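Reader: I am new to reading structures. Please take me through one part of this one closely, step by step.

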Amino acid sequence: MTARKPTLFDLRAGAIEALQLSPRSADLDALREALDQHLGASPEFFRDEALVIDLRRLPEGQRLDVDALADWLTERGLRPLGLLAEAGAAPSTRLPLLHGQERRAAEAAPQPGAAAPAADTEQHGSAPPAASGASTVLVDRPLRSGQRVYSAGDVIVLDAVSHGAEIIAGGNIHVYAALRGRALAGAHGDASARIFCSCLEPELVAIAGVYRTAEQPLPPQVAGKSAQVLLDGETLRFEPLRTR
């Protein structure tokens with residue numbers, strides 16, 4: 001009986017945690033000034049973070065100097081990985097062109113009359129499932145500085161989230177204690193995601209890429225209290241939670 005040759009590697013579709021910068025203007029000077037205000041307020045929050053430049057919200061006809069922007073971001077401690085752009089609209093740049101989840105989903109969809117592919121029941125965790133079918137991650141211990149929890153679905157934490165800890169969820173985030181670290185909900189672009197907590201004192205909160213740091217004071221009706229965070233257009237809204 002011959003021994004089975006060991007597998008030396010897995011090659012699968014994967015997902016990388018990265019910030020996504022979506023410029024709405026090709027005015028590089030104005031863009032750098034606006035970014036400086038955000039990044040300069042909390043430089044350590046974003047240092048060494050991977051980043052993708054998404055040009056799909058750039059007004060039609062405008063051309064951004066992507067390489068100059070990438071160099072500027074690198075000088076400020078970020079790591080530009082690649083570029084997202086509409087088909088045929090990608091500028092000449094040294095950054096690789098990436099494909100967003102929308103395109104992957106379209107390419108994976110069976111064509112009319114085509115047989116559906118067989119289901120792959122093996123799970124290796126390299127590619128998170130769609131948020132609608134993703135499982136919830138439950139954490140029943142405190143999250144301390146330097147610890148990070150990720151889920152493609154919801155995250156529920158039953159204890160405190162300390163300064164320097166981070167939660168990233170494709171869906172909602174529930175913290176049944178003090179939230180003092182970073183909470184990023186709707187990480188794959190779900191604008192309906194929300195953050196709920198018993199005591200709102202965060203370093204940073206974000207929903208679908210729209211974020212707010214501790215340098216911007218919270219409204220007094222939610223600071224240090226039970227609250228929820230939701231996205232209202234392009235702005236984060238903070239509301240008290242009725243706990244009785």
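Author: Start with one definition: a residue counts as buried when its relative accessible area is under 20%. Keep that cut-off in mind for strand β7. E166 and I168 point one way from β7, I167 and A169 point the other way, and all are buried. Please remember that this is a predicted model.

Now look at the strands beside β7. One of them is β5, residues 148-151. β5 and β7 (residues 166-169) run parallel and are joined by four bridges. Within this pairing, V149 stands opposite I167. Y150 has I168 as its bridge partner in β7. Strand β9, residues 182-185, also pairs with β7. That pairing is parallel too, over three bridges. Here I168 has L184 as its bridge partner in β9. I168 therefore has a bridge partner in β5, namely Y150, and another in β9, namely L184. A general point helps here. Strands of a sheet pair through backbone hydrogen bonds, and the sense can be parallel or antiparallel.

Compare the side chains of β5. They alternate along the strand. V149 and S151 point to one face and are buried. R148 and Y150 point to the other face and are not buried. In β7, by contrast, the residues pointing either way are buried.

Next, move to another set of strands. Six of them form an open sheet, in the order β4-β6-β8-β10-β13-β14. The pairing in this sheet is mixed. β4 (137-139) and β14 (235-240) stand at the edges. Each has a single partner strand, so one side of each is left without a neighbour in the sheet. From one strand to the next, the twist averages 20°.

Look at one pair inside that order. β6 covers residues 155-157, and β8 covers residues 173-179. These two run parallel, joined by three bridges. V157 has V175 as its bridge partner in β8. Y176 also lies in β8. Together with L138 and L158, Y176 forms a nonpolar patch on the surface. The three residues have about 330 Å² of accessible area together.

Two loop residues are worth a stop. The first is L64, in the loop between β2 (50-54) and α3 (66-75). L64 is buried, because its relative accessible area is 7%, and the cut-off is under 20%. What does L64 touch, leaving aside residues up to four places away in sequence? The list is P23, S25, A26, L28, L31, L55, L58 and L69. S25 is 39 residues from L64 along the chain, yet their C-alpha atoms are separated by 7.8 Å.

The other loop residue is A208, between β11 (204-207) and β12 (210-213). Its phi is near 50°, a positive value in a residue other than glycine. A208 counts as partly exposed, because its relative accessibility is 27%.

Finally, step back to the whole chain. It has four helices and 14 strands. Of its 244 residues, 36% count as buried. The chain exposes about 14,900 Å², and carbon and sulfur atoms supply 50% of that area. Take the contacts between residues at least 6 apart in sequence: 42% of them join residues at least 24 apart.

Technical notes: Residues are numbered from 1 along each chain as its sequence is written. This is a predicted model: local features need pLDDT of at least 70, side-chain atom pairs count only at pLDDT 80 or more; totals for chains, interfaces and linings use all residues. Side-chain values use heavy atoms; hydrogens and water are left out. Buried means under 20% relative accessible area, exposed over 50%, partly exposed in between (1.4 Å probe, protein chains only). Two strands pair if DSSP finds at least two bridges between them. Axes are lines fitted to C-alpha atoms, for helices over the stretch in contact, and angles run from 0 to 180 degrees between N-to-C directions. Contact means heavy atoms within 4.5 Å. Patches are made of residues with over 30% relative accessible area and no salt bridge: like charges are joined within 9 Å, nonpolar side chains (Val, Leu, Ile, Met, Phe, Trp, Tyr) within 5 Å. Accessible areas come from the Shrake-Rupley method with a 1.4 Å probe; for residues, only the protein chains shown count as cover. A salt bridge is a side-chain nitrogen of Lys or Arg within 4 Å of a carboxyl oxygen of Asp or Glu.
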